[in-house]
Amino acid sequence: MTDSTRSGAAVAAPDAARASPESRRALELLDAAVAAMGGEMRAGQHEMVRQVSEAIHTGDHLLVQAGTGTGKSLAYLVPLIAHAMDSDRPSVVSTATLALQAQIVGRDLPRLLEAVRPALTRPVDVALLKGRSNYACLHKTGGGFPEEDAPDALFSLGEDAAPHPTPAVGAGGAASALGREVVRLREWVEDTATGDRDDLVPGVSDRAWRQVSVSSMECLGAARCPVAQECFSEKARAAAADADIIITNHAMLAISAFEGLAVLPEYDVVVIDEAHELHDRVTGAVSGQLSASMVSAAATGLRRHASIATTALDSAATAFEAASELVPSGLLPGGLPEDLEQALAQVRDAARAALSDSKAEGKSEADADGGRQMARSRASLVFELAERILAASDLREVVWASRPSSFTPGSGYAPPDESAPATFNVAPLSVAGRLREGLFEDHTVILTSATLAIGSEFGPVAGSLGLSGPGAPAWTGIDVGSPFDYPRQGVLYVAKDLPKPERGSSDAQLAELLTLLQASRGGALGLFSSKRAAEEAAEALRPKVDFEILCQGESSLAALVTQFADEPDTCLFGTMSLWQGVDVPGASCRLVVIDRIPFPRPDDPLMTARTRDVARNGGNGFMSVSATHAAVRLAQGAGRLIRAAGDRGVVAVLDSRLATARYGGFLRSALPPFWATTDRATVTGILERLSAR
């Protein structure tokens with residue numbers, strides 16, 4: 001493979017006469033599927049099926065940029081179905097979002113399998129596999145675990161609440177909103193076949209769900225749990241082991257690659273959809289947080305549920321809290337201060353001793369103790385995190401202290417409250433090496449997204465995932481295009497004359513936004529860099545327009561998007577949740593406004609550390625980290641505009657740096673090839689004509 005191909009140059013399709021048997025079979029299935037579903041063959045879809053099939057045949061990794069409207073789900077599912085006919089191992093499809101998982105399992109795969117059924121030699125089994133905490137735990141609902149009101153999977157706010165019964169139900173109904181949710185959950189558990197939280201409609205709060213679920217650390221395990229045979233999570237894993245195609249998420253993939261845990265069955269091929277999210281999702285899945293309150297909660301839990309003395313762990317929590325108070329928020333670039341290092345060593349050693357003291361010797365399966373397991377899982381996590389933070393420099397990991405915001409209304413800025421207790425965060429400086437070893441080394445990997453290349457280069461994204469440098473595996477990058485005519489369907493407007501953005505929304509920016517909204521007469525999706533910026537813009541503009549402006553947080557995201565789609569003149573303002581995954585074709589979304597280039601926050605400790613690391617190694621840290629991050633996010637946001645062949649509209653960027661800064665061309669190269677202008681009169685005229693339609 002040539003260096004140009006490795007760095008992401010598009011490659012020509014293999015000659016049909018020389019295509020592999022796998023490729024020919026997949027293309028035959030595609031023809032059958034399109035015919036049966038009454039669809040239309042798309043050139044990009046045909047090309048993607050061919051390339052994915054060839055990658056499976058050769059074992060080389062493949063990066064496929066497939067623009068909106070290509071039908072990329074169908075284009076990778078068809079080759080996986082063809083592969084299933086001959087393989088004795090399952091294939092995996094990994095997504096970043098639950099919405100795409102649900103779409104694949106509930107719509108795309110069933111329709112496709114029905115369409116190609118006459119052409120298959122046998123049925124294809126499909127399984128959906130999620131993390132253990134997504135399934136209800138029958139042992140917990142049966143009273144095998146204490147019911148603890150914790151705000152996260154393992155820890156309460158520094159306090160281990162006493163076990164309490166199910167919230168009381170009197171003649172007038174459940175005693176509280178939480179009680180009503182828990183009662184409904186327990187009734188649902190009696191009837192559900194899957195125990196999957198996403199099958200519960202309507203849903204419940206995280207707080208209620210924790211009353212019926214356990215994390216992987218809290219789980220007793222199949223060997224010790226008295227209800228393992230009925231366990232929803234174990235059934236899902238068993239179904240996955242026997243499946244041809246497994247649908248899962250990036251977090252599960254990360255745990256498999258980084259931790260070496262058998263959370264997924266042995267597989268040979270994996271397709272990573274929404275692959276632009278893989279780097280950040282993997283980072284999030286393998287990051288950790290430790291605070292003094294977590295250490296105290298672990299000690300309390302061990303006393304209560306394992307009946308051991310925790311004097312050493314209590315003392316360690318006190319020492320850790322005292323040392324934490326002296327550490328300012330932000331990166332610890334010079335390593336751990338001596339007092340903090342000593343306190344963490346004390347925490348580590350005390351947690352190790354407590355784990356040893358709390359072992360349940362001679363317990364039978366019938367005596368499986370959920371309370372003890374929960375307490376030990378807390379102590380185990382404390383031990384692992386303390387040890388990891390102490391070894392961070394050797395492991396090339398980043399450590400920083402964080403505290404809650406001290407924001408007060410009208411301040412415009414929310415610095416950390418340095419008087420609040422600190423939480424210490426640890427994350428890998430890079431996930432590339434571990435992904436190369438745990439994911440790319442033993443599997444054929446196909447990564448796909450509408451935003452994988454910047455310009456024609458796949459190198460920046462490929463490098464962040466471990467596909468560059470000495471010893472990197474072979475890969476091919478292709479762009480199969482989009483069926484949309486972007487220069488005729490969309491306009492990119494950059495407000496070149498606006499001042500450089502500062503914190504919050506400026507008067508000039510709000511005036512520009514008002515001008516655009518009035519010309520468009522609504523129908524705008526506003527993508528903002530922060531929740532506060534979205535709220536400020538909505539509050540400032542609502543009295544000045546005669547159409548409705550919705551704002552994220554005022555209702556569920558699904559309800560807001562539905563209303564926005566149903567009402568052509570309504571606007572919707574929000575933050576990163578709206579930058580991707582929102583699919584509103586038609587006139588309801590004729591204007592997409594981006595308030596600023598989505599660079600990482602300048603005070604983001606992990607991004608800062610990664611930027612400095614690139615610079616130390618002779619690279620351009622800003623371009624490699626911040627600009628690349630911004631380019632992919634900007635392309636995702638701009639991609640909300642054209643969702644169907646009949647769509648027309650404007651993407652307006654209210655950040656003059658996109659037109660004036662040296663890196664502007666790099667960022668613009670990631671966007672669809674819209675017709676571009678910086679002239680306000682031109683774009684308002686276009687918007688007025690669009691609204692008149």
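Which side chain makes a polar contact with the side chain of Arg132? In this predicted model, the partner is Glu234, at 3.2 Å, side chain to side chain.

## Arg132 and its surroundings

Arg132 sits in a loop. Strand S3 (126-128) comes before that loop, and helix H6 (138-141) follows. Arg132 counts as buried because its relative accessibility is 13%, and the cut-off for buried is under 20%.

Glu234 is one of several residues that Arg132 touches. Leaving out residues up to four places away in sequence, the others are Val214, Ser215, Ser216, Cys219, Cys231, Ser233 and Arg237.

## The seven-stranded sheet

Seven strands form an open sheet with parallel pairing. Their order is S3-S6-S2-S7-S12-S1-S13. S3 and strand S13 (475-481) are the edge strands. Each has a single partner strand, so one side of each lacks a neighbour in the sheet. On average, neighbouring strands are turned by 20 degrees against each other, direction ignored.

Strand S1 (residues 61-66) runs parallel to strand S12 (residues 444-449), and four bridges join the two. Leu63 has Leu447 of S12 as its bridge partner. Helix H4 (residues 72-84) packs on this sheet. H4 touches S1, strand S2 (91-95), strand S6 (245-249), strand S7 (269-272) and S12. The direction of H4 makes about 160 degrees with that of S2.

## Nonpolar cores

In soluble globular proteins, nonpolar side chains tend to be buried together. Here the largest nonpolar core has 50 residues. Within it, Ile272, Leu435, Leu439 and Leu447 touch the most other members. Another core, of 41 residues, lies apart from it; Val49, Ala82, Ile104 and Leu113 are among its members.

Which residues does Ile272 touch, not counting residues up to four places away in sequence? They are Ser94, His250, Leu253, Leu278, Leu439, Val445, Ile446, Leu447 and Thr448. Two of these names, Leu439 and Leu447, also appear in the list of core residues that touch the most other members.

## Helices H19 and H27

Helix H19 (residues 507-520) and helix H27 (residues 680-692) cross at roughly 35 degrees. Their axes come within 7 Å. From H19, the contact uses Glu512, Thr515, Leu516, Ala519 and Ser520. From H27, it uses Arg680, Val683, Thr684, Leu687, Glu688 and Ser691.

The contact between H19 and H27 is mixed in class: four residues are nonpolar, four polar and three charged.

How values were computed:
Residues numbered from 1 in each chain as written. Predicted model: local features only at pLDDT ≥ 70, side-chain atom pairs only at ≥ 80, totals over all residues. Heavy atoms only, no water. Core = buried A, V, L, I, M, F, W, Y, C linked by side-chain atoms within 4.5 Å. Buried < 20%, exposed > 50% of the residue type's maximum accessible area, 1.4 Å probe, protein only. Contact = heavy atoms within 4.5 Å. Polar contact = N/O pair within 3.5 Å; in protein donor to acceptor, adjacent residues only side chain to side chain. Axes fitted to C-alpha atoms, helices over the stretch in contact; angles between N-to-C directions. Nonpolar A, V, L, I, M, F, W, Y, C, P; charged D, E, K, R; others polar. Pairing = 2+ DSSP bridges.
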